[in-house]
Amino acid sequence: MPTLRFRPSTSTVFFSGISKSITNPSTRLYPRSSLSTFTSPSRARREEAKMAPIERVTMFKIPKQEDREKVLEGYRQMKKTAVKDGKPYILTCEAGEAADEPRAQGWNLVNKSTFASKADMDFYDQECQAHAQFKQLVIPVKTDIMTVWYESATRDAML
């Protein structure tokens, strides 16, 4: 017959905005994942605030120099006009021409954008009017495009 053992487990308790870890001697009969959980909207906002921003890198192959200059101007305009709920939501939007060297493998224009959350990046891809207009500028002049995004694992803690 298996033996049940009591193990202390550390839990965080919130009292009027003050959090404190406590050790609670109890046995968990069920793993946490098997229990239904409810996350309050305020807790969800706190957890999202802990997330690092989303970094998105897009690289283009655009053969003509004059087209690259038009795309860079398009990024400058989009940076000023992209709004969500009437407010700017792109934290940073940087673009420039890649160095002409073998490591670039033909990618000659690069953009790095930073979003506060994955939801903001999804809005950018699916609903942002400024980005939709920008894509109409880029589609006819690019020969290739690659986009990757990540949540930084090495960025200093925010706040």
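**Thr58 and the sheet around it**

Thr58 has its place in strand 3 (strands are DSSP E runs of at least two residues and helices H or I runs of at least four, numbered from the N terminus). The model is a predicted one, where local features need pLDDT of at least 70 and side-chain atom pairs count only at pLDDT 80 or more, while totals for chains, interfaces and linings use all residues. Residues are numbered from 1 along each chain as its sequence is written, and side-chain values use heavy atoms, with hydrogens and water left out.

With a relative accessible area of 5%, Thr58 is buried (buried is under 20%, exposed over 50%, partly exposed in between, using a 1.4 Å probe and protein chains only). Leaving aside residues up to four places away in sequence, Thr58 touches Tyr75, Leu109, Val110, Asn111, Ile145, Met146 and Thr147, a contact being heavy atoms within 4.5 Å. The Thr58 side chain also makes a polar contact with the side chain of Thr147, at 3.2 Å (a pair of N or O atoms within 3.5 Å; within protein, one must be able to donate a hydrogen and the other to accept it, and residues adjacent in sequence count only if both atoms are side-chain atoms).

Now for the sheet. Its 4 strands form an open arrangement in the order 6-7-3-8, paired antiparallel; pairing calls for at least two DSSP bridges between two strands. Strand 6 (90-97) and strand 8 (144-151) stand at the edges with a single partner strand each, so one side of each has no neighbour in the sheet. On average, neighbouring strands are turned by 15° against each other, direction ignored. Strand 3 (residues 54-61) and strand 8 run antiparallel and are joined by 8 bridges, with Lys61 opposite Asp144 in strand 8.

Two helices come into play here. Helix 3 (residues 118-126) packs on the sheet, touching strands 3, 6, 7 and 8, and its direction makes about 30° with that of strand 3 (axes are lines fitted to C-alpha atoms, for helices over the stretch in contact, and angles between N-to-C directions run from 0 to 180 degrees). Helix 2 (residues 65-81) lies across strand 3, strand 6 and strand 7 (109-115), running at about 165° to strand 6.

In helix 2, the buried residues are Asp67, Arg68, Val71, Leu72, Gly74, Tyr75 and Met78. They cover an arc of only 155° around the axis, which puts them on the same side of helix 2; the arc is taken from the directions from the helix axis to the C-beta atoms. These buried residues pack against strand 3, strand 6, strand 7, helix 3 and helix 4 (129-138).
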